[in-house]
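Good morning, and thank you for making time for this presentation. I would ask you to keep the structure in view while I speak.

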Amino acid sequence: MDNQNIKQHFRPEEAPLIDQVNDWLATAAGEYRPVLTAFLNPRQRYIAQTLANRMDEVKVASMGGWSNAEMQRLLFYPSYYQPTADDFDLQLLTVDYPTKFAELHHRQIMGTLIGEGLTRESFGDIITDGQRWQVVVTKEMAAFLRREVQHVGKVKVKWLPSDLAAVLTPVEDWEPLTTTISSLRLDAVVAAGFNYSRNRAKQLIERGLVRLNWEEMDRPDYPIVAHDLLSVRHAGRLRIDALGGKTRKQKYKISMSVVRA
């Protein structure tokens, strides 16, 4: 299957990622060496894995610091190579802050990292057990944060290197939800996931309160596909686990997981 035919199976805006993945695969195969990516979300990793499956001489492994990490780095490597954890160049940082006098929130830590000029692909998951916080980064990024960033919002912090084995157990509890929807539009999926009316879901999207794969999406009619991640401000998050066929009433079967705010 040539590159153009492959792209027909994905969104048009995913074409640059497909080209990038093909470059990574070609480098791993042609130069006989492993190629490490930035942090990728589940949809990006699904695309990369799909393309890698077409090649016998290149394999792919992923790691994000803990078993269910949303953001993970991929390693493309020749089939004879044996990857190790060190190949992924990950560092777990624990956020040290005065817990008796201050609270931290996911959005604050995310905002601080983005505010320092980091892109979403340059760091991994932000993890909490309800009070303690950790973030998975590259070793180079860990050195930058420890040197340059002393506050999250108004809270003074230190970034303490921790062994990956000391990663917290996140408090997020994903609830499985299997249902049927009339279409795979974004507003229909949001409405089904949070038991909203279609009109309310449409208004939330148009007001910029919905993110798709960490990017703001204001199109209610945008088509949703497997492995998408959605977040709705003040409502929670959705993960599209699988899309099935249609029912006899021509509704789409959809399996997703929900975390409610």
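I shall go through the sheet, the cores, two buried residues, the largest pocket and two backbone angles. Please bear in mind throughout that this is a predicted model.

Let me begin with the sheet. Six strands make up an open, antiparallel sheet, and their order is β10-β15-β14-β13-β11-β12. Which strands stand at the edges? They are β10, residues 175–181, and β12, residues 215–216; each has a single partner strand, so one side of each is left without a neighbour in the sheet. As a general point, strands of a sheet pair through backbone hydrogen bonds, in either a parallel or an antiparallel manner. At the β12 edge, the partner strand is β11, residues 210–212, and two bridges join the antiparallel pair. Within that pairing, Leu212 has Glu215 of β12 as its bridge partner.

I turn now to the nonpolar cores. The largest contains 35 residues, and Leu113 and Trp159 have the most contacts inside it. Two or more residues of this core come from each of β3 (72–78), β4 (90–96), α4 (106–115), β5 (123–128), β6 (133–138) and α5 (139–148). Leaving out residues up to four places away in sequence, Trp159 touches Leu93, Thr94, Val95, Leu113, Val135, Leu145, Arg146, Val149 and Val152. There is also a second, separate core of 24 residues, with Leu186, Leu209, Tyr222 and Met256 among its members. In soluble globular proteins, nonpolar side chains tend to be buried together.

Next, two buried residues. Ala52 belongs to helix α3, which covers residues 42–52. Is Ala52 buried or exposed? Its relative accessible area is 3%, and because the cut-off for burial is under 20%, Ala52 counts as buried. Beyond its neighbours within four places in sequence, Ala52 is in contact with Leu25, Val58, Val60 and Phe76. The C-alpha atom of Ala52 is 9.7 Å from that of Trp24, and the two residues are 28 residues apart along the chain.

The second is Asn41, in the loop between β1 (35–40) and α3. Asn41 is also classed as buried, at 6% relative accessibility. The side chain of Asn41 reaches the backbone nitrogen of Arg43 at 3.1 Å. Not counting residues up to four places away in sequence, Asn41 touches Glu70, Met71, Asn213 and Trp214.

Trp214 brings us to the largest pocket, as it is one of the residues that lie nearest the pocket centre, together with His106, Glu172, Ser231 and Arg237. The lining comprises 50 residues, and the space in this pocket is about 1600 Å³. Which element gives the most to the lining? It is β14, with six residues. The elements supplying at least two lining residues each are α3, α4, β5, β11, β12, β13, β14 and β15.

Finally, the backbone. Two residues other than glycine have a positive phi: His234, near 70°, and Gln250, near 65°. His234 is in the loop between β13 (229–232) and β14 (236–246), while Gln250 is in the loop between β14 and β15 (252–260). His234 is exposed, at 73% relative accessible area, whereas Gln250 is partly exposed, at 49%.

That concludes the presentation, and I welcome your questions.

Terms used: Residues numbered from 1 in each chain as written. Predicted model: local features only at pLDDT ≥ 70, side-chain atom pairs only at ≥ 80, totals over all residues. Heavy atoms only, no water. Helix = DSSP H or I, 4+ residues; strand = E, 2+ residues; numbered from the N terminus. Buried < 20%, exposed > 50% of the residue type's maximum accessible area, 1.4 Å probe, protein only. Pairing = 2+ DSSP bridges. Contact = heavy atoms within 4.5 Å. Core = buried A, V, L, I, M, F, W, Y, C linked by side-chain atoms within 4.5 Å. Polar contact = N/O pair within 3.5 Å; in protein donor to acceptor, adjacent residues only side chain to side chain. 1 Å grid on protein atoms, 1.4 Å probe; cavity = no way out; pocket = protein on both sides within 12 Å on 5 of 7 lines; lining within 4 Å. Points joined across faces, edges and corners; volume = space filled by probe spheres on them.
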